[in-house]
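Hi,

Here is the structure I said I would pass on. Have a look at it first, and my notes on what turned up are underneath.

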Amino acid sequence: MENLESIISIKNLHMSYGSTNVLNGINLEIPRGQIIGYIGTNGAGKSTTIKIMLGILEGYEGKVEILGQDISNGSIEYKKKIGYVPELADIYENLTAYEYITFLGEIYELEQEKLIERVEKLMGLFGMEGVINSRISSYSKGMKQKLLIICSLIHNPDILFFDEPLSGLDANSVMVFKEVMRSLATKGKTIFYSSHIMDVVEKVSDRILLLNDGQVVADGSFEELSNNDKKGSLEEIFNQLTGFNEHAEIAKEFVSLVEEV
Amino acid sequence: MKDFAVLRILDKFKVLYEKSGVNYKNMRMILQIKLIMDGRRVSNVMKGGKKTDESKEKNNYLGLLMFNAFMSIFIGLIMTSSMSSMKSVNIVIGINLFMMISLMISDFSAVLLDVKEKNILLPKPIDSKTFNAAKTTHICLYLAGLSLSLNLIPLVIGTINYGVLFFVIFLIEIILAVLIVITITSLLYTLVLKFFDGEKLKDIINYFQILLAFVFAFGYQLVLRISNATNMNTEYVPKFWHALLPSMWFASIFGIIIDGSKEPFLRGLSVLAIVGPILLIIIYIKSVVPYFEKNLQKLNENGGTISRKNEKRKEVIARLVCKDKIERSMFKFTQNMISTERNLKIKVYPTLAMAVFMPVLFIFMDTNGKSFMENVQTGFGGKIHLLIYISIVLLCFCTGFISNSDSYKGAYIYKVLPIKNPGVLLKGAVKGTIFKLIIPLYILEGGVFLIFKGTSIIPDLIVMFLVLLIVTLMYFNISNKAMPFSVKFATADSGKLVGPSLIAIVVVGVFAGIHIAIRNNILFVAVYGMVLLIANVIIWRVSFKVEWKDIKI
């Protein structure tokens with residue numbers, strides 16, 4: 001497939017929960033091999049967009065096509081080609097990693113023995129030896145996160161949805177993971193990277209999408225965004241585009257309230 | 001991974017699933033991991049790093065099955081009566097449906113209403129049909145087990161009385177009954193989901209669950225009385241509304257085959273026995289589930305604030321009953337938790353509702369042709385208000401789940417906060433529960449009897465209240481080994497309470513027995529009351545002498 005073809009295509013996407021509108025007309029075309037930094041304030045609709053693309057949320061308006069397939073037709077073919085690291089470590093904690101991976105392997109129709117061998121090696125690379133037969137509930141936050149990352153990759157998917165994937169990872173693992181993302185992208189994988197940590201987004205993304213009030217308010221590489229706004233960091237661009245400039249005053253008041261014991 | 005015998009049985013129905021477009025292999029996998037998980041409990045936060053003991057994988061569900069099998073002895077007694085097989089089966093299945101719907105509501109609502117699971121499974125290549133089939137089958141497997149255990153003795157007695165044919169038909173019927181249970185419950189949930197949204201919805205489901213438990217308790221009670229008392233041994237007279245009772249559908253087959261009835265209406269009903277459940281489950285799969293799942297998303301919405309009225313009154317009560325400051329805050333904390341913890345309400349409220357209405361039910365049952373009022377005045381030898389002891393048993397059960405919470409992970413605060421004596425926390429929690437749930441209901445119940453029977457029963461009410469306090473504390477102590485709100489809810493949770501409940505029943509029985517024996521002498525009653533009062537003071541003093549090291553959080 002050539003680079004220009006859209007691997008994710010969203011046209012005029014609207015979504016509302018009852019009377020509150022969460023997404024107000026999102027349009028997106030994403031080609032293969034990009035790392036998309038997906039940012040926005042709390043409640044801007046980031047997770048909603050991702051959940052719609054994953055087929056968890058239904059009842060949206062507009063058209064969502066992934067790998068050329070309209071996802072509203074109920075077919076699950078495209079899900080064999082996507083991986084997902086959820087924001088809240090949603091996982092069956094009562095299972096052991098081995099059991100969970102075996103389960104996923106069956107669902108993705110992978111060869112079990114090879115899969116387990118690969119997963120053990122992958123876990124080893126993340127510094128997790130000898131825990132594959134322990135319950136996931138006994139893992140630390142970072143270990144759970146690493147396991148979720150591995151689980152999202154075992155079937156060698158084409159599109160990856162990472163929702164705050166670094167939470168709980170130590171600095172060394174973060175470095176490994178960033179490098180992994182980079183290489184995956186050069187191999188033609190598309191990565192949808194949603195996060196609140198602006199420095200990381202600034203560094204890893206080929207393209208940044210800023211969501212505010214359910215609409216895309218900025219779309220382009222970091223260079224393009226900073227040229228337009230003549231500002232230094234992504235953090236500052238973010239503040240400006242979301243119309244926020246009173247952080248100093250808020251902080252001052254916050255501390256004065258803390259001291260009022 | 002562990003393979004389960006039930007799954008191998010399920011394999012026999014593979015074709016059925018595949019015909020309806022379910023990916024059977026995937027569904028089986030999902031079921032397998034669900035069953036593995038059900039056997040395990042995440043016991044707590046603090047043990048975090050340690051590997052959980054695999055051998056402790058004991059199942060509460062097994063306890064529940066055993067309890068049901070025990071109950072089935074009593075249900076089996078119905079089969080030994082001189083009634084025709086049709087009537088006795090009608091009653092047995094009626095009791096069954098009622099008990100299973102109550103269990104379904106209290107123990108499996110969480111499974112039915114779970115939204116988190118979607119986040120895990122749906123991003124994987126699992127279509128929603130397979131996902132829903134797994135969910136439905138999961139519940140059905142459990143209900144089938146419950147159904148079988150509840151009918152164990154009736155099945156045996158019926159087979160002895162009526163032969164192998166009875167065995168085959170009855171076995172099939174009790175499995176079909178499961179389909180009815182699951183369909184009716186989710187159909188009702190769907191209705192609620194349709195009209196409400198968000199936070200409000202969760203509350204409404206809660207009240208609804210209580211209501212439902214009621215409707216089934218009373219509806220069936222009424223039906224049984226009508227069909228039972230009036231024409232015990234007479235010929236069956238068809239009534240149109242019988243077609244609305246699923247238990248009649250099932251019973252009609254026995255009416256035809258075993259009792260040899262030629263009534264055409266029964267033939268119609270017997271067709272319903274097969275067609276009804278299957279039709280219901282098809283409606284369930286085709287129309288209820290898709291709608292249900294879509295609306296279930298509403299449960300994720302948050303919003304709405306909790307009003308802060310009555311704060312002053314709560315504060316005053318807290319100051320009255322708790323001397324210790326930490327105990328006082330635990331007292332208020334417990335009350336707030338109980339009023340917001342939905343899963344807890346689901347488990348507790350139906351029991352509480354039963355507690356209030358059980359005595360009334362007994363009054364209705366023992367009419368012997370007298371009017372209701374007459375019966376209240378003179379029934380049970382004028383001691384009818386002592387039926388409150390039944391309520392006492394049920395009321396004390398509600399302390400059994402105080403250690404459970406959905407937000408069990410928050411329990412670390414007990415360790416983080418500067419608290420020297422954990423017993424104070426437990427004491428505050430018990431008191432909070434008593435004031436929040438038990439006392440209001442006891443006052444209501446006592447008040448009703450007071451109106452009917454006059455002030456002469458006040459000494460009895462006081463004695464019963466003292467018994468209530470003792471039993472509640474005892475039940476709390478033997479059923480909760482952990483700190484309040486620190487253990488996760490698990491499927492088939494009620495199993496762990498079987499032992500403590502039996503003990504509570506025996507203890508209340510003893511107290512009630514003494515009370516009934518001495519009741520006619522007011523002096524004895526006064527002495528009894530004094531003894532109970534002293535016992536209370538002692539028990540409440542000594543029960544909370546615990547150290548942090550004794551507590552497994």
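**What I found**

Let me start with one pair of residues: Y84(A) has F161(A) as its bridge partner in β7(A). Keep in mind throughout that this is a predicted model.

That pair belongs to a longer match, since β6(A) and strand β7 (residues 159-163) of chain A run parallel and are joined by four bridges. As for β6(A) itself, both of its faces are covered: I82(A) and Y84(A) are buried on one side, and G83(A) and V85(A) are buried on the other.

Zoom out and you'll see the sheet these strands sit in. It is an open one of six strands, in the order β6-β7-β8-β3-β9-β10 of chain A, and the pairing is mixed. At the edges are β6 and β10 (215-220) of chain A, each of which pairs on one side only. From one strand to the next, the twist averages 15°. Further along the sheet, strand β3 (residues 35-40) of chain A runs parallel to strand β8 (residues 190-194) of chain A, with four bridges between them. If you want a residue to find your way by, I36(A) has F192(A) as its bridge partner in β8(A).

Two helices are worth finding here. Helix α4 (residues 141-153) of chain A lies across β6 and β7 of chain A, and runs at about 170° to β6(A). Helix α8 (residues 234-241) of chain A lies across β3, β9 (207-212) and β10 of chain A, at about 30° to β9(A).

**The other sheet in chain A**

There is also an open sheet of four strands, ordered β2-β1-β4-β5 in chain A, with antiparallel pairing. Its edges are β2 (20-31) and β5 (69-70) of chain A; each has a single partner strand, so one side of each has no neighbour in the sheet. Helix α1 (residues 46-54) of chain A packs on this sheet and touches β1, β2 and β4 of chain A, with its direction at about 65° to that of β2(A).

Which strands does β1(A) pair with? On one hand, β1(A) is joined to β2(A) by nine bridges, and the two run antiparallel. S6(A), for instance, has P31(A) as its bridge partner in β2(A). On the other hand, strand β1 (residues 6-17) of chain A pairs with strand β4 (residues 61-66) of chain A, again in the antiparallel sense, over five bridges. Within that pairing, H14(A) has E61(A) as its bridge partner, and I10(A) stands opposite V64(A).

**Where the chains meet**

The contact between the chains takes 32 residues from chain A and 28 residues from chain B. On the chain A side, β6 (82-85) and α2 (97-108) each supply at least two residues. The largest share of that side is from α2(A), with seven residues. Sorted by class, the chain A side has 15 nonpolar, nine polar and eight charged residues. For the complex, the predictor gives an ipTM of 0.76 and a pTM of 0.70.

**Inside chain B**

Take a look at helix α17 (residues 388-397) of chain B. Nine of its 10 residues are buried, so the helix is largely enclosed by the rest of the structure. Among the buried ones are I388(B), Y389(B), L394(B) and F397(B).

Another spot to click on is V348(B), which is found in helix α15 (residues 342-365) of chain B. Is V348(B) buried or exposed? V348(B) counts as buried, because it has 22 C-beta neighbours inside 10 Å. Beyond its neighbours within four places in sequence, V348(B) is in contact with C398(B), F401(B) and L437(B). The C-alpha atoms of V348(B) and L394(B) are 9.7 Å apart, although 46 residues separate the two along the chain.

**How far to trust it**

Chain B has an average pLDDT of 78, and 81% of the residues score at least 70. Among the elements of chain B, helix α22 (residues 522-542) has the highest mean pLDDT, 91, while helix α10 (residues 198-229) has the lowest, 61. Over residues 42-58 of chain B, pLDDT stays under 50, and the model has 24 contacts beyond four places in sequence for that stretch. Where pLDDT is low, the predicted coordinates should not be read in detail.

Cheers

Methods:
Residues are numbered from 1 along each chain as its sequence is written. Chains are lettered from A and ligands numbered from 1 in the order in which they are written. This is a predicted model: local features need pLDDT of at least 70, side-chain atom pairs count only at pLDDT 80 or more; totals for chains, interfaces and linings use all residues. A residue is buried if 20 or more other C-beta atoms lie within 10 Å of its own, exposed if 12 or fewer, and partly exposed in between; C-beta atoms are placed from the backbone. Two residues are in contact if their C-beta atoms, placed from the backbone, lie within 7 Å. Ala, Val, Leu, Ile, Met, Phe, Trp, Tyr, Cys and Pro count as nonpolar, Asp, Glu, Lys and Arg as charged, and the others, Gly among them, as polar. Two strands pair if DSSP finds at least two bridges between them. Axes are lines fitted to C-alpha atoms, for helices over the stretch in contact, and angles run from 0 to 180 degrees between N-to-C directions. pLDDT is the predictor's confidence in each residue, from 0 to 100.
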